[in-house]
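Here are my notes for anyone opening this entry for the first time. Keep the structure on screen and work through the points in order.

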Amino acid sequence: MRIEVRYFTKTGHTKKLAEGIAKQLEMKAFIKTLNPSNIKEVIVFSSGAFGNAYAPLKKELSAQGLKVSSQEFHCKGTLGFMHKNRPNDKDVNNAAVFAKTAAGKLGV
Ligand SMILES: Cc1cc2nc3c(=O)[nH]c(=O)nc-3n(C[C@H](O)[C@H](O)[C@H](O)COP(=O)(O)O)c2cc1C
């Protein structure tokens, strides 16, 4: 089974997490449109200053016919003076560990 990580980023924080995950799982990061016909399951991850926007994202993914996992990863992201330098190396490592565990649960 092949795993891909795809992301959208405004300021590069999510790219940082995606690259940590991709490195852990030895794969490349993509930003292309998801195709339900060849995707078994989607697992969401992100960073943000406050909460996350998974509810509308998951709704959108489901509406596209994609199976969305109940597993998800989120960490703090810098906003002005809040959460300085986040995501940091520890966040990236946590994302990578999360991805490895999630991949294991998928049997990959
Ligand atoms: C203009 C702007 C608006 C933001 N608004 C929110 C917000 O409403 N809620 C939140 O949790 N984080 C907010 N953030 C923080 C970002 O979600 C956070 O920095 C995140 O890590 C950015 O990830 P990205 O660089 O991959 O886009 C905002 C950041 C910017 C620059």
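**Notes on the helices, the core and the ligand shell**

1. Let's start with helix H1, where the buried residues are His13, Thr14, Lys16, Leu17, Ala18, Gly20, Ile21 and Ala22. Bear in mind throughout that this is a predicted model. H1 covers residues 13–24, 12 residues in total. From its first C-alpha to its last it reaches 17 Å, close to the 16 Å expected at 1.5 Å a residue.

2. Now the core. The largest nonpolar core has 11 residues: Val5, Leu17, Ala18, Ile21, Ala22, Phe45, Phe73, Ala95, Phe98, Ala99 and Ala102. H1 and helix H3 (89–105) are the elements that give two or more residues to this core. As background, nonpolar side chains in soluble globular proteins tend to be buried together.

3. Pick out Leu17 next. Leaving aside residues up to four places away in sequence, Leu17 touches Phe45, Ser47, Pro87, Asp91, Val92 and Ala95. Two of these partners, Phe45 and Ala95, are listed in the largest nonpolar core, as is Leu17.

4. On to H3. Its 17 residues should span 24 Å at 1.5 Å a residue, and the end C-alpha atoms are indeed 24 Å apart. Which residues of H3 are buried? They are Asp91, Ala95, Phe98, Ala99 and Ala102. Looking down the axis of H3, you'll find these buried residues within an arc of 100°, so they line one face of the helix. On the other side of H3, Asp89, Lys90, Thr101 and Gly104 are exposed.

5. What do the buried residues of H3 pack against? They pack against H1, E3 and E4. Just after H3, have a look at Gly107, which takes a positive phi of about 80°.

6. Ala95 deserves its own point. This residue is in helix H3, and it counts as buried because 26 other C-beta atoms lie within 10 Å, where 20 or more are needed. Not counting residues up to four places away in sequence, Ala95 touches Leu17, Gly20, Ile21, Phe45 and Phe73. Ala53, by contrast, is 42 residues from Ala95 in sequence and 17 Å from it in space, C-alpha to C-alpha.

7. The loop between strand E4 (68–76) and H3 is worth a slow look. Pro87 is found in this loop, and a cis peptide bond joins Arg86 and Pro87, with omega about -5°. Pro87 is also among the residues that Leu17 touches.

8. Stay in the loop between E4 and H3 for His83. Its phi is near 55°, a positive value in a residue other than glycine. Is His83 buried, partly exposed or exposed? It counts as partly exposed, because it has 18 C-beta neighbours inside 10 Å.

9. Asn85 is in the loop between E4 and H3 too. Here phi is near 60°, again a positive value in a residue other than glycine. With 9 C-beta neighbours inside 10 Å, Asn85 counts as exposed.

10. Finally, the ligand. Of the 14 residues around the ligand, Thr9, His13, Thr14, Gly48 and Gly77 come nearest. H1 and strand E3 (42–48) are the elements that give two or more residues to the shell around the ligand. By type, the shell divides into three nonpolar residues, 10 polar and one charged. His13 and Thr14 bring us back to the start, since both are listed among the buried residues of H1.

Terms used
Residues are numbered from 1 along each chain as its sequence is written. This is a predicted model: local features need pLDDT of at least 70, side-chain atom pairs count only at pLDDT 80 or more; totals for chains, interfaces and linings use all residues. Helices (H or I, at least four residues) and strands (E, at least two) are DSSP runs, numbered from the N terminus. The expected span of a helix is 1.5 Å times one less than its number of residues. A residue is buried if 20 or more other C-beta atoms lie within 10 Å of its own, exposed if 12 or fewer, and partly exposed in between; C-beta atoms are placed from the backbone. A nonpolar core is a set of buried Ala, Val, Leu, Ile, Met, Phe, Trp, Tyr and Cys residues joined through C-beta atoms within 7 Å. Two residues are in contact if their C-beta atoms, placed from the backbone, lie within 7 Å. A residue is near a molecule or strand if its C-beta atom, placed from the backbone, lies within 6 Å of it. Ala, Val, Leu, Ile, Met, Phe, Trp, Tyr, Cys and Pro count as nonpolar, Asp, Glu, Lys and Arg as charged, and the others, Gly among them, as polar. The arc is that of the directions from the helix axis to the C-beta atoms.
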